[in-house]
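Subject: Structure for you to look at

Hello,

Here is the structure I promised to pass on. Please open it and keep it beside this email as you read.

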Amino acid sequence: MNKEQSGVLRAWEATVRKTQAAKKRANSIFGTISLASAADDDLEDDNDKRISISGEEHLAEKILPNGDYYTGQWCDNFPNGQGKYLWTDGCMYIGEWHRGKPMGRGRFSWPSGATYEGEFKSGYMDGNGIYTGSNGDTYKGQWVMNLKHGHGVKHYSNGDWYDGEWRRGLQEGHGKYQWQNENHYVGEWKNGVIFGKGTFVWSNGNKYDGYWEDGIPKGNGTYHWPDGSFYVGNWSIDPDEQNETYYPSESSLAANLEWDPKTVYDDLADCKIYPGERVPILPSQKKLAICYSTKGGNKPRRMSVDGRVSVGEVRRSYLDCELLGTVHHDDTNHKFNLELPLKVPKPGKRQGETISKGHKNYELMLNLQLGIRHSVGRPAPATALDLKASAFDPKEKIWTRFPPEGSKYTPPHQSSEFKWKDYCPVVFRTLRKLFKVDPADYMISICGNDALRELSSPGKSGSFFYLTDDDRYMIKTMKKSEVKVLLRMLSAYYNHVRSFENTLVIKYYGLHCVKLTGPTQKKVRFIIMGNLLRSEYTIHRRFDLKGSSLGRITEKPESEIDDTTILKDLDLNFIFKLQKTWFQEFYRQIDKDCEFLEQVGTMDYSLLVGLYFRDISANGELIPCGRRDSENESAPRLSRAEMDQLLLDPKRWGSIKLGANMPARAERTIRKPECELLQLVGEQTGECYEVIMFFGIIDILQDYDITKKLEHAYKSIHYDPTSISAVDPKQYSKRFRDFIFKVFAEDT
């Protein structure tokens with residue numbers, strides 16, 4: 001090491017010691033602020049390498065007041081070319097850069113000792129690369145945006161290894177997993193577990209060949225012994241579903257007649273998929289203390305190595321204001337500029353806070369689960385679908401007392417005493433039967449070992465929402481007025497959903513009330529309903545559409561919008577194209593559903609839409625139809641003719657139905673900047689994206705009562721009456737239908 005390099009490193013070490021407790025001072029710009037350290041004296045000479053000449057690439061060594069250190073090629077205030085960046089927390093990147101982003105081949109190392117060596121794109125581990133964990137795990141293969149994606153081989157620190165396909169960081173596709181005890185599996189995977197057709201071979205030579213589900217044999221399969229004998233049939237962990245036949249070989253005679261197929265599941269219990277080490281902070285999350293430009297007096301901004309400005313460190317931008325409708329022209333907004341590519345939103349955290357012991361609503365959750373278990377498990381005579389009028393009487397309800405010590409009808413529990421009410425229990429039991437809800441699955445989802453999750457904030461109505469752990473059911477607290485509306489319309493609702501199997505109206509499964517004992521005598525009313533957007537697909541975009549414009553825009557900065565954000569009418573920049581048969585069914589069903597809602601006198605409902613985009617590039621851009629990259633070409637796809645045949649043949653629909661798992665195309669629209677707030681549906685551009693759609697009508701319990709009438713009268717004075725959400729049911733139904741039929745179209 002020469003004298004100059006030694007001086008630079010000494011200065012860096014001194015700076016780290018002085019600034020370790022003040023990392024938040026990150027608003028410095030490379031090469032524009034002198035070092036706040038006596039070590040400056042070691043660096044000052046006539047050829048100070050910290051001086052940047054705009055547009056000219058040169059070598060530079062830079063020490064930042066926050067302690068970061070960079071040495072390498074530099075151009076126009078960015079690392080550009082070969083360079084080394086060392087963060088004060090010990091993370092380091094050595095390799096190729098392009099305008100401040102790792103791009104090309106490089107090596108990233110963590111202070112734990114973990115390393116990644118391979119290809120980078122825009123700051124992400126992307127391409128071929130090798131990750132070595134601090135615990136000894138190694139993965140060699142393909143990556144896309146920091147996730148294992150494509151073919152790869154992973155060796156785990158416990159001796160297991162996997163060689164096969166990966167998708168979004170998990171084993172998916174065909175692959176082989178071998179355990180350290182030499183048991184191995186070769187076959188299909190899904191979401192990191194054995195799923196599909198495959199073969200499991202034990203080290204003693206025994207073998208199961210057949211179908212799997214969630215890591216265990218399920219469906220047709222054969223169990224072989226080395227002597228040639230075998231069991232064949234239908235496999236299930238439920239003994240009632242098992243149906244196997246034993247075929248002995250000539251040499252084995254009847255040696256395995258007493259063998260119990262259940263031992264296969266016991267043997268597999270020890271063969272867990274090793275989770276491996278989680279990657280610590282990702283390279284794309286590391287911040288560089290640089291900005292896009294220092295011209296014009298802009299304040300310095302820290303930037304992550306994928307080029308994004310740090311969330312929370314920049315005030316609301318011009319673009320954010322535009323999204324709120326306060327600015328009507330900005331070429332950087334994709335709503336106005338077709339040249340800007342659409343990107344998939346960033347993934348959000350799992351919705352809701354788990355209600356664990358100590359949570360303010362923990363006892364309420366226990367009461368709810370005890371009540372549901374009692375209601376659903378209570379013996380009841382079989383009922384036909386033709387119900388008597390008395391079953392719909394609002395007075396038809398059952399009160400049950402739940403003392404802590406238990407009673408003749410209720411179990412002992414650890415919560416305070418409470419009373420439980422079931423509204424119209426026969427009707428809701430029959431609705432669950434009509435909707436093909438298995439009582440045991442229903443109870444497990446709501447009352448199993450997994451706690452409910454409470455959404456972070458109440459809805460506009462003040463109601464709280466809870467989700468089951470499997471996301472299948474949503475529980476909403478209700479006002480007394482909403483309960484009255486539902487009970488009033490319950491008979492019409494029942495007849496409607498019974499008459500129209502493909503109704504898009506939200507499915508209700510139960511209506512209950514918890515009355516807490518004590519001085520408050522508080523009542524909490526609940527409705528249990530289906531979660532429309534529960535899917536094995538990632539829902540990339542969510543829209544809540546009403547057909548009104550006043551206040552119908554998302555009041556969030558762009559940086560805070562993720563795939564869990566509910567967008568509104570003025571955020572919509574697509575129209576949705578359905579295959580002819582589906583569009584005709586959709587048109588008929590929307591008409592029938594709106595007629596029903598108009599007849600029962602409700603308004604303010606909306607169409608909830610969820611979109612999964614089928615083609616996304618490595619850098620997160622949506623790929624229009626006909627412009628798929630090579631990565632996506634390898635995925636199996638249906639031709640247009642095959643898709644038409646699939647949709648025309650009811651026997652092949654499978655899980656596809658109106659409003660769920662529907663293949664469609666989303667055509668991009670562009671709004672005119674000067675009339676954004678007046679233009680509910682933008683102009684079509686011809687740029688289409690393959691999507692899977694989910695949609696349904698929600699929030700159907702708002703009566704057009706005196707409150708809504710007053711709201712309409714007041715807002716009509718200040719705003720265009722057609723833009724207001726609160727209008728009478730007949731007008732609301734017409735406006736809603738007119739809007740929806742502009743947003744949805746037949747795919748020609």
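Below is what was found in it, taken sheet by sheet and then at one loop.

This is a predicted model, in which local features need pLDDT of at least 70 and side-chain atom pairs count only at pLDDT 80 or more, while totals for chains, interfaces and linings use all residues. Residues are numbered from 1 along each chain as its sequence is written, and side-chain values use heavy atoms, with hydrogens and water left out.

A few terms come up throughout. Helices (H or I, at least four residues) and strands (E, at least two) are DSSP runs, numbered from the N terminus. Two strands pair if DSSP finds at least two bridges between them. Strands of a sheet pair through backbone hydrogen bonds, either parallel or antiparallel.

The 8-strand sheet

One open sheet has 8 strands, in the order 20-23-24-25-27-26-22-21. Its pairing is antiparallel. The edges are strand 20 (353-354) and strand 21 (397-402), and each pairs on one side only. Look at strand 26 (residues 508-516) and strand 27 (residues 523-530): 7 bridges join them. Leucine 511 has isoleucine 527 in strand 27 as its bridge partner.

Two helices pack here. Contact means heavy atoms within 4.5 Å. Axes are lines fitted to C-alpha atoms, for helices over the stretch in contact, and angles run from 0 to 180 degrees between N-to-C directions. Helix 5 lies across strand 21, strand 22 (418-423) and strand 26, at about 140° to strand 26. Helix 6 touches strand 25 (473-478), strand 26 and strand 27, and makes about 65° with strand 25.

Helix against helix

How do helix 5 (residues 425-434) and helix 7 (residues 480-499) cross? Their axes come within 11 Å and cross at roughly 25°. That makes the two helices roughly parallel (angles under 35 degrees count as roughly parallel, over 145 as roughly antiparallel, 65 to 115 as roughly perpendicular and the rest as oblique). Val427, Phe428 and Leu431 are among the helix 5 residues in the contact, and helix 7 brings residues including Leu486, Leu490 and Tyr493. By class, there are 9 nonpolar, 1 polar and 1 charged residues (Ala, Val, Leu, Ile, Met, Phe, Trp, Tyr, Cys and Pro count as nonpolar, Asp, Glu, Lys and Arg as charged, and the others, Gly among them, as polar).

Now take helix 4 (residues 362-377) and helix 6 (residues 439-447). Their axes come within 10 Å and cross at roughly 175°. Helix 4 and helix 6 are therefore roughly antiparallel. The contact includes Ile372 and Val376 from helix 4, and Tyr442 and Ile446 from helix 6. Its residues divide into 7 nonpolar, 2 polar and 1 charged.

The 7-strand sheet

Another open sheet has 7 strands, ordered 29-28-32-34-33-30-36, with mixed pairing. Strand 29 (566-567) and strand 36 (744-746) are its edges. Strand 32 (residues 606-613) pairs with strand 34 (residues 683-698) in the antiparallel sense over 8 bridges. Valine 609 stands opposite phenylalanine 695 in strand 34. Helix 12 (residues 729-743) packs on this sheet, at about 55° to strand 36.

One loop residue

Is asparagine 146 buried or exposed? Asparagine 146 sits in the loop between strand 8 (138-144) and strand 9 (147-155). At 8% relative accessibility, asparagine 146 counts as buried (under 20% relative accessible area; exposed is over 50%, partly exposed in between, with a 1.4 Å probe and protein chains only). Asparagine 146 touches Tyr124, Met125, Leu282, Pro283 and Ser284, not counting residues up to four places away in sequence.

Best wishes
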